[in-house]
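Work through the exercises below with the sequence and the 3D structure at hand. Try each task before reading its solution.

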Amino acid sequence: MHPFFDRSVEYLKGVGPQRAETLNKELQIFTFGDLLQHYPFRHEDRSKFYSINELMPNLPYVQLIGEFRSFRIVGIGRKMRLVGTFADETGTIEMVWFRGIQWIHKSLSTGVKYVAFGKATLYNGKFNIAHPEVEVQTEKNTTEGYLQPIYHSTEKMKKKGLESRFFSKVIKILLTEAIEHIEETLPDSLIRQFNFINKKAAVAAIHFPKTSQQLLQAQNRMKFEELFFVQLRLIKLKIARTEKFKGASLNKSDLLNKFYEKHLPFELTKAQKRVVKEIYADFRSGHQMNRLVQGDVGSGKTMVAFLAMLIAIGSGYQCAFMAPTEILAEQHFKELRIQARLIGIHIARLTGSTPKSERKIIHEGLMSGVISMLVGTHALLEDKVKFKNLGLAVIDEQHRFGVAQRAKLWTKTKDFYPHVLVMTATPIPRTLAMTLYGDLDISIIDELPKGRKPIKTIHYREKRRLAMFGFLEREIEKGHQAYIVYPLIEESAALDYKDLMDGYESISRRFQNYPISIVHGRMKAEDKEWEMQRFVKGETKIMVATTVIEVGVNVPNATIMAIENAERFGLSQLHQLRGRVGRGADQSHCVLMTGLKLSKEAKTRLSTMVNTTDGFKIAEVDLELRGPGDLTGTRQSGALDLLVADLVKDGEVLKTARVAARNILKTDPELSREENRPIKNHINSLNQSVVNWGRIS
Ligand code: ADP
Ligand code: MG
């Protein structure tokens, strides 16, 4: 990029040191380049003029032509304001100013034709416009319609008068100088293929378009470009890794076939079969697999992982299966052990609480190759844990494992990298997956095993608590078990903890005849485990817990879950929690308990939960509500810091950009061709800028 764009905004006419400091602090705008990339988030149409008698409530900003009949200053002290009566042939309206009264009063006169622009609001049955923009009417501002950019600014900036108009003014000044330094970033081939306008035109028009069509063209191109470079980077990473990292060739399916024919406990769903095939194809490719399996809770990811491990073991390699918590690791171990024994595989478990003496035996078993399958937690990543020949690492619930840890697993074997299978039960929308995991291959299990009855979800306000208790009781009388979940977040831990305890007490009083378990984060691990086991064995009928994820167990006999203060949970969290019921053959229910007052967003979350059990649909709504950063819990991913594109709305552009990026890298992997020089130059300048691309993968 041209050094022009690195200049400090301080030196731009109309900015200066003080405003520059505000821009730095409030919007992280430091350089000319930053300011130019402060794109407007919408435009106001200034091509239409209204007559005063046409005004209606709820119009967006309007433009009027007329004269001031009179001005008066009313009120005193902080309530002082300037009121101007503005008239056209059809009526009058009041224009009101609360700040800069003297100056504005001086600059306006009666009997002069003005163009006034602002938001008309109804007050005491009459329209008025507060702080309108007023310009003397000219030929230009009456006949040349244009789109006025509206820029994001902060409360602090608004107090200093640094609003949309300010940005509009300084960016206009900046653009006149900047335009000659803006370099094309896309190759001709793409510009022609998609009929894009060039970069200079796009940057100018994204701020100051002449028509709405021009604005669309500019946005199209800028969105494409932004997504294109993210995808290019991800695909490049993927190619680099595939070429550099050989994977063990796992091509013996005998063990898998034997298990499949003799021991498979149920018929696989079509989706499960498809994913196993995708994995097998990767195994045979000779390259290292990095595959993400997305599947809703209960879609049967564990069996898919087990079958993949059978291929690896049948081909003479070891496998590691890593879960995010001890309890989950324990549960996986117990389930996998049943299958492993059937087929005669040596399986072991390693967690933080594995005793030293046992560890030593496991370490030796891994080194000698006696142990084929190791299930555990982070403990698997300790340096002491060395495998004879690790061929496949399965990571369950990926979002809890950092990328650094993923990378660490890869170094577990010296000569080649083990294949990596990441499984996530948090479905994320495709657009987000392509961006966050664009360097991985993605498999989707979009089908639940046959015969599952979708969980029925209802929403009760507090006053129906007795009905909820009655519901629970009927389920328990049928011989089933129930969960009652309480929110517990760090910020309000003390209060939440009290709620939980109060709740536990009242539940104990209400259900005196039934044994009840309670599990929460403040308990010792052994105590938690003991309580959990009582519930798993059916000794207790009700499990009161903070988040059941913590206790993430498979209890098919649990058919009802009540979630207290459900409005405080995020959508994906609610979905995860709910997935703890509906694991058996009986109809399951989920009751969302909330207070009376709910925000609009909370209402959307609750109604989404009531209306669907499809994790992918829920994820889409979650993305719309929270945006990509919050959804993934990581704002750090540079891939998500998009300036123009929107992962919620621009899914199509994203797909196109990904395909385009892939095609270009297919023919010119090093981007060394002359025609792709714009791409290469732009990547170089991105690498120098603050965005740390390394963090994406
Ligand atoms: P998740 O995808 O949430 O990890 P699990 O692998 O724990 O789901 O599977 C949930 C339950 O469904 C388990 O009890 C498992 O044995 C069972 N299951 C998995 N696949 C099938 C299938 N094809 N048919 C019937 N039951 C299945
Ligand atoms: Mg699972």
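The exercises that follow concern a predicted model.

**Exercise 1. Helix H21**

Task: Find out whether the end-to-end span of helix H21 agrees or disagrees with 1.5 Å a residue, and which of its residues are buried.

Solution:
- Step 1. Helix H21 covers residues 600-611, which is 12 residues.
- Step 2. The expected span is 1.5 Å times one less than the number of residues, so the helix should span 16 Å.
- Step 3. The end C-alpha atoms of H21 are 16 Å apart, which agrees.
- Step 4. The buried residues in H21 are Ala-602, Arg-605, Leu-606, Thr-608 and Met-609.
- Step 5. These residues cover an arc of only 160 degrees around the axis, so they are on the same side of H21.
- Step 6. Lys-600 and Asn-611, on the other side of H21, are exposed.

In general, an α-helix has 3.6 residues a turn, so residues three or four places apart point the same way.

**Exercise 2. Helix H19**

Task: Decide which residues of helix H19 are buried and which are exposed on the other side.

Solution:
- Step 1. H19 runs over residues 525-536 and has 12 residues. From first C-alpha to last it reaches 16 Å, close to the 16 Å expected at 1.5 Å a residue.
- Step 2. Lys-528, Glu-531, Met-532 and Phe-535 are buried in H19.
- Step 3. Seen down the axis, the buried residues of H19 fall within an arc of 100 degrees, and therefore line one face of the helix.
- Step 4. Glu-526 and Trp-530 are exposed on the other side of H19.

**Exercise 3. The surroundings of ligand 1**

Task: State which residues come nearest to ligand 1, and how much of its accessible area the protein covers.

Solution:
- Step 1. There are 16 residues around ligand 1, and those that come nearest are Glu-267, Gly-298, Lys-301, Thr-302 and Arg-452.
- Step 2. Sorted by kind, the shell around ligand 1 has four nonpolar, seven polar and five charged residues.
- Step 3. Look at the polar contacts. An oxygen atom of ligand 1 lies 2.6 Å from a backbone N or O atom of Gly-298. A polar side-chain atom of Lys-301 is 2.8 Å from an oxygen atom of ligand 1. For Gln-272, an N or O atom in the side chain is 2.8 Å from a nitrogen atom of the ligand.
- Step 4. On its own, ligand 1 has 560 Å² of accessible area, and the protein covers 78% of it.

**Exercise 4. Two positive phi values**

Task: For Asn-195 and Leu-671, decide whether each is buried or exposed.

Solution:
- Step 1. Most residues other than glycine have a negative phi.
- Step 2. Asn-195 has a positive phi, near 60 degrees. Its place is in the loop between helix H7 (188-194) and helix H8 (199-207).
- Step 3. The relative accessible area of Asn-195 is 69%, so Asn-195 is exposed, the cut-off being over 50%.
- Step 4. Leu-671, not a glycine either, has a positive phi of about 55 degrees. This residue is found in the loop between helix H23 (651-667) and helix H24 (677-688).
- Step 5. With a relative accessible area of 3%, Leu-671 is buried, because that value is under 20%.

**Exercise 5. A loop residue**

Task: Is Asn-389 buried or exposed?

Solution:
- Step 1. Asn-389 is in the loop between strand S13 (373-376) and strand S14 (390-396).
- Step 2. The relative accessibility of Asn-389 is 17%, so this residue counts as buried.
- Step 3. Its side chain reaches the backbone oxygen of Gly-316 at 2.8 Å.

Methods. Residues are numbered from 1 along each chain as its sequence is written. Chains are lettered from A and ligands numbered from 1 in the order in which they are written. This is a predicted model: local features need pLDDT of at least 70, side-chain atom pairs count only at pLDDT 80 or more; totals for chains, interfaces and linings use all residues. Side-chain values use heavy atoms; hydrogens and water are left out. Helices (H or I, at least four residues) and strands (E, at least two) are DSSP runs, numbered from the N terminus. Buried means under 20% relative accessible area, exposed over 50%, partly exposed in between (1.4 Å probe, protein chains only). The arc is that of the directions from the helix axis to the C-beta atoms. A residue is near a molecule or strand if one of its heavy atoms lies within 4 Å of it. A polar contact is a pair of N or O atoms within 3.5 Å; within protein, one must be able to donate a hydrogen and the other to accept it, and residues adjacent in sequence count only if both atoms are side-chain atoms. Accessible areas come from the Shrake-Rupley method with a 1.4 Å probe; for residues, only the protein chains shown count as cover. Ala, Val, Leu, Ile, Met, Phe, Trp, Tyr, Cys and Pro count as nonpolar, Asp, Glu, Lys and Arg as charged, and the others, Gly among them, as polar.
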